[in-house]
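Here's a quick briefing to read with the model open beside you. Let's start with the overall build and then work through the DNA and a few residues worth a look.

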Amino acid sequence: MILSPAFYERDTVTVAKDLLGCLLVHREEETTAGWIVEVEAYLRGDPAAHSYRGETKRNSVMFGPPGHAYVYLIYGLHTCVNVVTGAGEAILIRALEPGIGLELMQARRGMSDPVSLASGPGKLTQALGITMDQNGTSLYDGPLQVRSPDSLPGRRPEGFPGEIVQTTRIGITKAVDLPLRFYLKGSRYVSRR
DNA sequence: ATCAGGATTGGCT
DNA sequence: GCCAATCCTGATT
């Protein structure tokens, strides 16, 4: 089932951990989806967060309603998708275990190995066809959705339910020591171990 | 108007 | 491990 707005109206770190094991779904002509196995939280007063210096045109979605997608372009090449929890806070989806639409994901990524298909923030957006067009869209009322872990009968991501590993975040240059990255222990689909 | 730098990835050494 | 690709944003002149 689709996660309701109330799911997102909670402490950002709590939401981040609860997102692990959930299904990120993109419904188009064809559906692609994968289980969230790795996330990072970006908080208020956090120098690494895009919202740190206040609201701008680019980051305005982070200051909007919880449960919406904040999508941005990085290095002029890749897009990353975040789950907004409100007040300038958001959760970066860093890796998925492919679930539905494997063939389309492989075509979009130009490769076949499921382990490398969505094991990175730029990879998973490409695999699911997420672009800047999805910036600001609702995750509970639209084609891009987050669903509970039991959404695919009889199927569960590797390492879920199970232990959650907490580490420092990847690829940032500020607030490098904050332990705000979370992933499913035992998953082969995380971006790095 | 200009410019440095980025929540990355893939290819090469 | 190192580095180029590629372009938008925000800060500065």
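What follows is a short tour, grouped by topic.

This is a predicted model, in which local features need pLDDT of at least 70, side-chain atom pairs count only at pLDDT 80 or more, and totals for chains, interfaces and linings use all residues. For bookkeeping, residues are numbered from 1 along each chain as its sequence is written, chains are lettered from A and ligands numbered from 1 in the order in which they are written, and side-chain values use heavy atoms, with hydrogens and water left out.

**Overall build**

- Chain A comes to five helices and eight strands; these are DSSP runs numbered from the N terminus, with helices (H or I) of at least four residues and strands (E) of at least two.
- Reading from the N terminus, the order of elements in chain A is α-α-β-β-β-β-β-α-α-α-β-β-β.
- The radius of gyration of chain A is 15 Å, which agrees with the value near 16 Å that a compact globule of 193 residues would have. That radius is taken over C-alpha atoms, and the globule rule is 2.2 Å times the number of residues to the power 0.38.
- Along its principal axes, the C-alpha trace of chain A spans about 40 × 35 × 35 Å.
- Buried residues make up 50% of the 193 residues in chain A. Here buried means under 20% relative accessible area, exposed means over 50%, and partly exposed is in between (1.4 Å probe, protein chains only).
- Take the contacts (heavy atoms within 4.5 Å) in chain A with a separation of 6 or more: 62% of them involve residues 24 or more positions apart.

**Nonpolar cores**

- The largest nonpolar core has 38 residues, and those with the most contacts inside it are Leu 19, Leu 24, Ile 36, Val 39, Ile 93 and Val 146. A core of this kind is a set of buried Ala, Val, Leu, Ile, Met, Phe, Trp, Tyr and Cys residues joined through side-chain atoms within 4.5 Å.
- Apart from that core lies another, of 11 residues, among them Tyr 42, Ala 48, Val 61 and Leu 92.
- Leaving aside neighbours within four places in sequence, Leu 24 is in contact with residues including Ile 36, Leu 96, Leu 124, Leu 128 and Val 146.

**DNA strand B**

- There are 21 residues around DNA strand B, and His 50, Tyr 72, Asn 82, Arg 109 and Gly 122 come nearest. A residue is near a strand if one of its heavy atoms lies within 4 Å of it.
- Strands S3 (69–74), S4 (78–86) and S5 (89–100) and helix H5 (121–128) each supply at least two residues of this surface, and the largest share, three residues, comes from H5.
- By class, the surface near DNA strand B has 10 nonpolar, eight polar and three charged residues. Ala, Val, Leu, Ile, Met, Phe, Trp, Tyr, Cys and Pro count as nonpolar, Asp, Glu, Lys and Arg as charged, and the others, Gly among them, as polar.
- Of the strand B atoms within 4 Å of the protein, 45% belong to sugar or phosphate and the rest to bases.
- Phosphate oxygens of strand B lie 2.7 Å from a backbone N or O atom of Gly 122, 3.2 Å from one of Lys 123, and 3.1 Å from a side-chain N or O atom of Arg 94.

**DNA strand C**

- Arg 53, Thr 56, Arg 58, Leu 73, Tyr 75, Gly 76 and Leu 77 surround DNA strand C.
- For strand C, 67% of the atoms within 4 Å of the protein belong to sugar or phosphate, and the rest to bases.
- A backbone N or O atom of Arg 58 lies 3.5 Å from a phosphate oxygen of strand C.

**Residues to click on**

- Glu 89 is found in strand S5 and counts as buried because its relative accessible area is 17%.
- Not counting residues up to four places away in sequence, Glu 89 touches Thr 12, Tyr 42, Leu 43, Arg 44, Met 62 and Val 84.
- Ser 138 sits in the loop between H5 and S6, and its side chain reaches the backbone nitrogens of Tyr 140 at 3.0 Å and Asp 141 at 2.9 Å.

Conventions
Polar contact = N/O pair within 3.5 Å; in protein donor to acceptor, adjacent residues only side chain to side chain.
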